[in-house]
Amino acid sequence: MSRVNKIKEKGMQVVFLICACISVIAVVYICKFIFQNAIPAINEIGFKSFVFGKVWKPKQEIFGIFPMIVSSIFVTLGAVIVGVPIGLMTAVFMSCYCPKNIYRIIKPLINLLSSVPSVIFGFFFLVFVVPIIQALTNTSGKGMLTASLLLGVMILPTIVSTAESSIRAVPQSYFEGSMALGATKEISIFKIVVPAAKSGIVAGVILGIGRAIGETMAVVMVVGNQPILPQGITSGVRTLTGNIVLEMAYASGLHRKALIATAAVLFVFILIINLCFAIVTRRKDA
């Protein structure tokens, strides 16, 4: 290797190191800002009253976010129930069954779906899906069911792309060996190839859950935005992200601090989800 190439390599290493440090510093400062403002607010309101309180009335300085926590969990769970099976089956079809001429059409469409702004999804569901849910359930049409369907569609590109890449990364010898032993194509795919791609598929699911629980504007348009505990699958509710975006513009004082504390709870919630998935994956690998 020439001296010029060595200098270029060292220079790129420095650039990558700087980028990595900037990313870490950004995360640290975000965490510092959130928790620096959240902890005093939680201490002032009371941890139990804040996290497990069932009433959110900022004008009376009553800040209970338990309904928003439950709603966020239910809406995200609904999105996973809708999006994960469809996304996984689509990835299997594209990597194992899809003809090349059809793949050339489907792949760009999925990539295009991932680039559509979330507000467009929200507007589409508000105009087309909400009236259908309204007619079928005799409700307003805005609630957990509609939000779950919306988020299930929005996380599809992430799950499909990640799962497909993971399945294609599995050595072809796994599939060929299973077929040589007399297994059918379906058994070889779902019993050998898909389990071998498990880590990548789980990563895609985690990314999808992260997008689902962090989505705001689209969900606000169809979820009903009522800070109450869910009364049913079609009940209008409010998520943690929706609570922040709806009130941050005019919040001040303790109200504003409570919204920042809500962001801290959401941050911790996402960390717990990632930790649980990591533990489950390690146990299965062991």
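I take a residue as partly exposed when its relative accessible area lies between the limits for buried, under 20%, and exposed, over 50%.

**Entry 1: the model as a whole.** I note that this is a predicted model. I counted 13 helices and two strands in the secondary structure of the protein. I then looked up the extent of the C-alpha atoms, which fill a box of roughly 70 × 60 × 35 Å along the principal axes. Of the 286 residues, 38% count as buried.

**Entry 2: a surface patch.** I looked up a nonpolar surface patch and found that Val24, Ile25, Val28 and Tyr29 make one of about 410 Å². From this patch I chose Val28, which is found in helix 1. Is Val28 buried, partly exposed or exposed? Its relative accessible area is 49%. I therefore record Val28 as partly exposed, because 49% is not under 20% and not over 50%.

**Entry 3: the largest pocket.** I recorded a volume of about 200 Å³ for the largest pocket. Which helices each supply at least two residues of its lining? I found helix 1 (3-45), helix 2 (47-52) and helix 13 (254-285). The largest share, five residues, comes from helix 13.

I also listed the lining by residue: Phe35, Ile39, Ile42, Phe47, Val51, Ile69, Ala264, Val265, Val268, Phe269 and Ile272. By residue class, I entered 11 nonpolar, no polar and no charged residues for this lining.

**Entry 4: cross-reference.** I note that helix 1 appears in two of my entries: Val28 of the surface patch is found in helix 1, and helix 1 also supplies at least two residues to the lining of the largest pocket.

Methods:
Residues are numbered from 1 along each chain as its sequence is written. This is a predicted model: local features need pLDDT of at least 70, side-chain atom pairs count only at pLDDT 80 or more; totals for chains, interfaces and linings use all residues. Side-chain values use heavy atoms; hydrogens and water are left out. On a 1 Å grid over the protein atoms alone, a cavity is a set of points where a 1.4 Å probe fits but cannot get out, and a pocket is an open set with protein on both sides within 12 Å along at least five of seven lines; lining residues have an atom within 4 Å of a point. Grid points are joined across faces, edges and corners, and a volume is the space filled by probe spheres set on the points. Helices (H or I, at least four residues) and strands (E, at least two) are DSSP runs, numbered from the N terminus. Ala, Val, Leu, Ile, Met, Phe, Trp, Tyr, Cys and Pro count as nonpolar, Asp, Glu, Lys and Arg as charged, and the others, Gly among them, as polar. Patches are made of residues with over 30% relative accessible area and no salt bridge: like charges are joined within 9 Å, nonpolar side chains (Val, Leu, Ile, Met, Phe, Trp, Tyr) within 5 Å. Accessible areas come from the Shrake-Rupley method with a 1.4 Å probe; for residues, only the protein chains shown count as cover. A salt bridge is a side-chain nitrogen of Lys or Arg within 4 Å of a carboxyl oxygen of Asp or Glu. Buried means under 20% relative accessible area, exposed over 50%, partly exposed in between (1.4 Å probe, protein chains only).
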